[in-house]
Amino acid sequence: MIRIVSNYNNELKLKGFNVFQIETDDNATKTYSRKDFYKICLTTGKSKIHYADRSFEANDTILFFGNPNIPYSWETLSTKYIGYTILFSEDFFVSGKHSINLQKSPLFSLGGTPILEISEAQREFLNKLFEKMIEEQQSDYEFKDDLIRNYIDLILHESLKLKPSENFNQEKSSASRLTRVFMELLERQFPIENPENSLQLKTAKDYAEVLSVHVNSLNRAVKEVTGKTTTTIISERITNEAKAILQHTDWNISEIAYALGFEYPTYFNNFFKKQTGNNPTHFRTEAV
């Protein structure tokens with residue numbers, strides 16, 4: 001049994017990308033697992049975007065770059081909101097030959113420039129690129145994936161030439177900021193939808209590397225704000241996910257162990273018993 005987010009999410013994973021036009025925000029909302037996909041949005045309208053530790057208010061046309069490893073949320077303030085969105089996986093993009101490394105690009109990095117203010121002339125140019133991607137997406141052309149990748153590459157290169165927005169507001173407390181970003185990133189790793197996909201971020205060091213901070217800095221901030229260690233919070237979240245999988249799927253213990261990032265089932269059994277006082281098999285039996 002696979003825990004399904006939505007049919008759209010499964011189709012998106014299979015294809016590796018999807019590009020669509022936003023007519024209104026309500027009509028264009030699509031349910032998918034953000035932890036798997038990069039996102040580029042060209043939008044016109046009033047909105048407020050929260051990206052990691054920063055917030056940005058947009059009143060006109062912007063270009064936004066979303067990284068699956070960095071928490072962000074979007075408040076639409078306009079009754080009418082227009083533009084385009086493309087979602088794509090890293091596997092889809094890197095299967096072609098491109099000069100841009102997504103993880104290292106300033107457009108997608110934590111301290112980078114994820115929002116660009118776009119002029120009318122730039123909007124018209126970018127509109128055409130998105131329209132061409134939609135056209136190719138609907139075509140039967142054998143090499144349309146290569147064309148889509150090239151259009152994404154062109155958008156990224158054109159964007160690197162633009163000046164980033166300066167309308168960001170930062171939170172006052174660095175400890176609360178870092179803790180909030182960590183907690184949101186932690187939550188983004190779940191739910192585990194498939195036993196074949198192993199949890200990628202498992203330790204405090206893993207999260208510190210993604211957030212571009214020293215692990216000691218992360219540990220101090222989390223302890224100061226929550227009173228708990230980073231490792232404790234990660235362990236508690238993995239335990240809650242393990243309980244949910246045991247209760248709501250028929251995955252065997254080996255599959256669950258792998259999905260949650262444990263090298264061997266015995267490691268998972270020991271971890272679960274230490275956290276709950278019960279072994280996974282017994283917990284599943286009691287929960288039925």
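Which residues are buried in helix 8? This structure is a predicted model, in which local features need pLDDT of at least 70, side-chain atom pairs count only at pLDDT 80 or more, and totals for chains, interfaces and linings use all residues. Residues are numbered from 1 along each chain as its sequence is written, and side-chain values use heavy atoms, without hydrogens and water.

In helix 8, the buried residues (under 20% relative accessible area, 1.4 Å probe, protein chains only) are L218, A221 and V222. Seen down the axis of helix 8, these buried residues fall within an arc of 95°, so they line one face of the helix. The face turned away from the buried side carries R220 and E224, which are exposed (over 50%). Helix 6 (174-188), helix 7 (204-210) and helix 9 (230-248) are among the elements that cover the buried residues of helix 8. Helix 8 is followed by G227, whose phi is positive, near 80°.

The aromatic rings come next. Rings of Phe, Tyr and Trp (its six-membered ring) pair if their centres lie within 6.5 Å; planes under 30 degrees apart count as stacked, over 60 as edge-to-face and the rest as tilted. The count comes to 17 aromatic pairs. The centres of F64 and W74 are 5.1 Å apart and their planes stand at 85°, so this pair is edge-to-face. F64, at 0% relative accessibility, counts as buried. For Y84 and F130, the centres are 5.5 Å apart and the planes are at 15°, so the pair is stacked. Y84 counts as buried at 6% relative accessibility, and F130 counts as buried at 0%.

Terms used. Helix = DSSP H or I, 4+ residues; strand = E, 2+ residues; numbered from the N terminus. Arc of directions from axis to C-beta. Contact = heavy atoms within 4.5 Å.
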